Amino acid sequence: AEAEATVRVPMNIALVKYWGKRDDLLILPLNDSISLTVDRLTAETTIRMVPGVGKHTVEINGKSVELSSNKRYQTVFDEALRLQRKRKEAEASSADSNGNDPPPIFYHFHVTSTTNFPVAAGLASSAAGFAAIALAIQRILRLDDSQANRLARIGSGSACRSMYGGLVHWRKGEMDDGSDCLAVRTEAAANWEDLYCIILVFDDGRKKVGSSEGMRRSRETSQLLKHRIESIVPQRIQQIQEAYTSRNFEQLARVIMADSNQFHAVCMDSTPPIRYLNEASWQLIDTVEEFNIGGIRAAYTFDAGPNACVIVQKENASQFLKAVLQTIQVPSEDLQVIGKELAEQFD
Ligand code: DP6
């Protein structure tokens, strides 16, 4: 029979970045990463699983996605159907034969998703999207958490971090089959209630160099990436957890900014070099540095694009916002501030 599930899943922002894959097909990362779940920015997704032969369809914010140009969806659907077959086989062999017809072998999926933030702005929106698909399929097929985690990950690596709230640690694992590559809630997972994310969208066009291509380039050519993976990331993961657990904003902020900067330095260290930050990004960095004179109260972080995510505590949110609006020199119609209304409440 036809089955349907609707879920709402938040995006996440990496505090220690995932950059580099040890396996491109299974999407296994070269390093651990750690993220903060941004509760208010979500993808709401409905999936229908329909028996019979047919084409999968995916619609995001009212636009249909060309599946031939994005293989990741197909990969996720194939994997979901493989898990479905495995379960049916297990059920069939455990139950006595009762003469009923075997269930249909063919299914196709219809996905409709709406996000309450811009897609493809280097904002890990694919993370919320694929996490939502994985969770909806988990409901329909009654998968366990690690199967759902894997399903999200093969859609987009960072998606596996959107399955939980609070601080999430994605362990790279050691196994070639990815069986120990999982995102887990950290011990510090209890939400840090007054931590806010302000997202500044300077450009919501598509990424210039997609994450996968960028990661491949860095893995093949960057010495700094090697050093980062071996000697920098492990201690940063720990520092973030400590800072979060003890509510030490300064320490948290220092590590977040250092890691964002190192990720962009790795991009610069790749051949050909990759540049994600633009003029507005740098203005924002300057604004934060200035805001932090006399005490660190804000932290910026950038993914594979020019848009900034600024993490502040509630008490500093509206003041930071004012500083930004005064200093950033981009045409106001090009600047979108997500989280603004929230910050203004504390004026
Ligand atoms: C810079 O998860 O988008 O945002 O696994 O190829 O889908 P794929 O990449 P993706 O990469 C995210 C990279 C990043 C850092 C991060 O979110 O950790």
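# A walk through a predicted structure

Arg 87 is partly exposed, with 13 other C-beta atoms within 10 Å. That label follows from two cut-offs: a residue counts as exposed with 12 or fewer such atoms and as buried with 20 or more, so a value in between earns the name "partly exposed". Keep in mind as you look around that this is a predicted model.

Where does Arg 87 sit? Arg 87 belongs to helix α1, which covers residues 71-94. Its C-alpha atom is separated by 9.6 Å from that of Arg 142, although the two residues are 55 residues apart along the chain. Arg 142 lies in the loop between α2 and α3 (145-155).

Here is how Arg 87 and three other residues fare when their surroundings are counted.

| Residue | Other C-beta atoms within 10 Å | Class |
|---|---|---|
| Arg 87 | 13 C-beta atoms | partly exposed |
| Asn 61 | 13 C-beta atoms | partly exposed |
| Asn 116 | 14 C-beta atoms | partly exposed |
| Arg 142 | 11 C-beta atoms | exposed |

## The chain as a whole

Now step back from single residues. The protein chain has 347 residues, and 45% of them count as buried. It contains nine helices and 13 strands. If you take the contacts between residues at least 6 apart in sequence, 73% of them join residues at least 24 apart.

In soluble globular proteins, nonpolar side chains tend to be buried together. In this model, the largest nonpolar core has 99 residues, and Ala 131, Ala 134, Ile 198 and Val 310 have the most contacts inside it. Helix α2 (residues 125-141) gives this core its largest share, 11 residues. Try finding Ala 134 in the structure: leaving aside neighbours within four places in sequence, Ala 134 is in contact with Ala 148, Leu 151, Ala 152, Gly 155 and Ala 159.

## A helix with a buried face

Which residues of helix α4 (residues 211-221) are buried? They are Ser 211, Gly 214, Met 215, Arg 217 and Ser 218. Looking down the axis of α4, you would see these buried residues within an arc of 165 degrees, which means that they line one face of the helix. Among the elements covering them are β2 (21-23), α5 (223-245) and α6 (249-268).

## Strands side by side

Strand β5 (residues 57-60) is a good place to compare two kinds of pairing. With strand β7 (residues 107-115), β5 pairs in the parallel sense over four bridges, and Ile 60 stands opposite Ser 113 in β7. With strand β6 (residues 63-64), β5 pairs in the antiparallel sense over two bridges. There, Glu 59 has Ser 64 in β6 as its bridge partner.

Another strand with two partners is β8 (residues 167-171), where four of the five residues are buried. Strand β4 (residues 33-51) pairs with β8 in the antiparallel sense over four bridges, with Ile 34 opposite His 169. Strand β9 (residues 182-185) also pairs with β8 in the antiparallel sense over four bridges, and here Val 168 stands opposite Arg 185.

## Unusual backbone spots

Most residues other than glycine have a negative phi, and most peptide bonds are trans. A few places in this model go the other way. Asn 61, in the hairpin of β5 and β6 with its two residues between the strands, takes a positive phi near 50 degrees. Arg 142 is not a glycine either, yet its phi is positive at about 50 degrees. A cis peptide bond joins Thr 271 and Pro 272, with omega about -10 degrees. Pro 272 has its place in the loop between α6 and α7 (279-291).

Loops hold other residues worth a visit, too. Asn 116 is in the loop between β7 and α2. Not counting residues up to four places away in sequence, Asn 116 touches Leu 41 and Thr 42. From Asn 116 to Cys 309 the distance is 16 Å, C-alpha to C-alpha, with their positions 193 residues apart in sequence.

## Around the ligand

Finally, look for the ligand. Which of the 15 residues around the ligand come nearest? They are Ala 14, Tyr 18, Ser 156, Gly 157 and Ser 158. Sorted by class, the shell around the ligand consists of six nonpolar, seven polar and two charged residues.

Definitions and conventions:
Residues numbered from 1 in each chain as written. Predicted model: local features only at pLDDT ≥ 70, side-chain atom pairs only at ≥ 80, totals over all residues. Near = placed C-beta within 6 Å. Nonpolar A, V, L, I, M, F, W, Y, C, P; charged D, E, K, R; others polar. Core = buried A, V, L, I, M, F, W, Y, C linked by C-beta atoms within 7 Å. Contact = placed C-beta atoms within 7 Å. Pairing = 2+ DSSP bridges. Arc of directions from axis to C-beta.
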